[in-house]
Amino acid sequence: MSIEAGRNRGQQLRRIVRINEEIKRVIAAAFTINLMAMNAIFLAKRAGTAALGFGVLSNELRRFAIDLQQQMSMLSEMTYSSVNTVTALLKQARLNRVMEVTLNASAGSGKVLLEKILHGRLETTLAERQEQSDGVNRRLTQMITDTVQLVELGSVLARSAKIEAAYGGGLSVSLTQVSTDFEQSISEIQRSLEKLTKHHLEESAA
Amino acid sequence: MKTTRTIYEDGGHKWIAIVRDPSRPGYMIDTNEYLIVRDDAAILCDPGGAEIFPAVFSALSAEFDPSRIQALFSSHQDPDIISSLSMWLEFNPQIKCYVSWLWASFVPHFGGNGETFVPIPDAGMDILVGGMRLQAVPAHYLHSSGNLHLYDPKAKILFCGDVGAALLPAGEDGLFVENFDRHIRHAEMFHRRWMGSDKAKRDWCERVSRLDIDMLCPQHGAIYQGDDVKRFIDWFAQIEVGILKT
């Protein structure tokens, strides 16, 4: 692995840090949605039969928030695996750099020994690590795609809640306000997921 | 690249000093490594930091097949002592690393696994390499709290880690001490500042005075031989240690 490749690994680590920051934002937003949905359920109960549909949607939004939190925790664990793999690749890069310098400085039996070891390393260790890294990237891509779909569902639920809020009788104004808050929180999550996807694509391309 | 100097030879029994790297950057302290060879087996004392591995390996491999190094002796845990561990393990994953029990769970941060480390008890122990018996001699708190030196009773050489170390200026960096009084000025600050315990220092002086020593080989600076061995021990016994440079 060249020094340039080692630098790329450093950039990969920085991108993983950014992905984690977005994951934390999404988890915080999902937590807020969960609390808002609980309040919305109580509000819908107070509104009575007029807000039955809103109550059902609030329940669904609460379930969505819990699913999203779980999904993001799994994503977080996966990025941790990514950190492990990239760190191992960085260590290998450092070792290879020192070995290459050693090879250039050596002669005789030492040089022969080094050539053999370096050859073996490139053939096996690095290929294995690269395969691990690719595997983690593939799983991460799949999980981000699933999360985007889940959040799309959340967005539909929030829009439907806004429509239902209009039929909320005397509490219609309050319910509309709650459904607007739902929409805003989900929009925040979508923006975070867009950034997360961008960082992940850059990381995969490195 | 470093150079090698055979400082002791008796048949297949050798001490090879790996010293003085002219291409070493000035911000990095110079180190001495010592390879103790007995026929086909060898132990390397304080193999050095990861950054100087190329210089040590290339010099050493010109004299000895590095894959036949059976063990590393790590006087303590510092990075200039043992941070090259993972690189040596590349050549021989079976290599053993002898280190104070105090550091046996810290040094694995530089590499190795559960099979790599042989913890040395505080009282020291015998180390067998290729049929030769070496003695790990306690030197705790000089400067590390878990510190050991390595004595070869046949060659009458004591590898003394940071004790005896000197920060030599260019032009006064011969392999052996030639003028003790002039040399010791370059060792004084190092000992006053790095060595932390007067009691540990007196214990060490008493302990090594009982050994039959022809050469004292420090990890930095020049080797003391002949009468300079006793001169150094006497000098060390009387200086005040554990003080900040003023």
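# Notebook: two chains and their contact

I started with a pair in chain B: B:Tyr98 stands opposite B:Val118, a residue of β7(B). I keep in mind throughout that this is a predicted model.

**Entry 1: the strands around that pair**

I looked up how β7(B) is held. Strand β6 of chain B, residues 96-100, runs parallel to β7(B), and four bridges join the two. As a reminder to myself, strands of a sheet pair through backbone hydrogen bonds, in either a parallel or an antiparallel sense.

Next I followed the sheet outward. I found an open sheet of seven strands in chain B, in the order β1-β2-β3-β4-β5-β6-β7, and its pairing is mixed. Which strands sit at the edges? I noted β1 (3-10) and β7 (117-120) of chain B, each of which pairs on one side only. I also checked the turn from strand to strand: neighbours in this sheet are rotated by 20° against each other on average, with direction ignored.

**Entry 2: the other sheet of chain B**

I then turned to an open sheet of six strands in chain B, with the order β8-β9-β10-β11-β12-β13 and, again, mixed pairing. Here β8 and β13 of chain B are the edge strands; each has a single partner strand, so one side of each has no neighbour in the sheet.

I spent some time on the β8(B) end. Strand β8 of chain B (residues 125-129) and strand β9 of chain B (residues 132-138) are antiparallel partners, paired over five bridges. I wrote down two of the matched positions. B:Asp126 has B:Gln135 in β9(B) as its bridge partner, and B:Ile127 is bridged to B:Leu134 in β9(B).

How many residues lie between β8(B) and β9(B) in their hairpin? I count two, and B:Gly130 in the turn has a positive phi of about 50°.

**Entry 3: a glycine past β13**

I picked out B:Gly226, which lies in the loop between β13 (224-225) and α6 (227-238) of chain B. Is B:Gly226 buried or exposed? With 11 other C-beta atoms within 10 Å, B:Gly226 is exposed; the cut-off for that label is 12 or fewer. I also took one distance from this glycine: its C-alpha atom is 8.2 Å from that of B:Ile213, and the two residues are 13 apart along the chain.

**Entry 4: chain B as a whole**

I tallied the secondary structure of chain B as six helices and 13 strands. Its radius of gyration is 17 Å, close to the 18 Å that the globule rule gives for 246 residues, so chain B is as compact as a globular protein of that length. The C-alpha atoms of chain B fill a box of roughly 45 × 35 × 35 Å along the principal axes. Of the 246 residues in chain B, 49% are buried. Among the contacts in chain B with a separation of 6 or more, 62% are between residues 24 or more positions apart.

**Entry 5: chain A as a whole**

Chain A gave me five helices and zero strands, in the pattern α-α-α-α-α along the sequence. What does the radius of gyration say about chain A? I have 25 Å, well over the 17 Å from the globule rule for 206 residues, so chain A is more spread out than a compact globule. The C-alpha trace of chain A spans about 90 × 20 × 20 Å along its principal axes. I find 34% of its 206 residues counted as buried. Of the contacts in chain A between residues at least 6 apart in sequence, 84% join residues at least 24 apart.

**Entry 6: where the chains meet**

Last, I went through the contact, to which chain B gives 16 residues and chain A gives twelve. On the chain B side, α1 (53-61) and α3 (85-91) each supply at least two residues. The largest share of that side is six residues, from α1(B). By type, the residues of chain B that touch chain A are ten nonpolar, four polar and two charged.

I then looked at what packs on α1(B). Helix α3 of chain A (residues 108-123) packs on α1(B) at an angle of about 125°, with the axes 7 Å apart. The two helices, α3(A) and α1(B), are therefore oblique to each other. The residues that make this contact are A:Gly108, A:Ser109 and A:Gly110 of α3(A), and B:Phe57, B:Ser58 and B:Ser61 of α1(B). I sorted the residues of this helix contact into one nonpolar, five polar and no charged.

Definitions and conventions. Residues are numbered from 1 along each chain as its sequence is written. Chains are lettered from A and ligands numbered from 1 in the order in which they are written. This is a predicted model: local features need pLDDT of at least 70, side-chain atom pairs count only at pLDDT 80 or more; totals for chains, interfaces and linings use all residues. Two residues are in contact if their C-beta atoms, placed from the backbone, lie within 7 Å. Ala, Val, Leu, Ile, Met, Phe, Trp, Tyr, Cys and Pro count as nonpolar, Asp, Glu, Lys and Arg as charged, and the others, Gly among them, as polar. Two strands pair if DSSP finds at least two bridges between them. Axes are lines fitted to C-alpha atoms, for helices over the stretch in contact, and angles run from 0 to 180 degrees between N-to-C directions. Angles under 35 degrees count as roughly parallel, over 145 as roughly antiparallel, 65 to 115 as roughly perpendicular and the rest as oblique. A residue is buried if 20 or more other C-beta atoms lie within 10 Å of its own, exposed if 12 or fewer, and partly exposed in between; C-beta atoms are placed from the backbone. The radius of gyration is taken over C-alpha atoms; the globule rule is 2.2 Å times the number of residues to the power 0.38.
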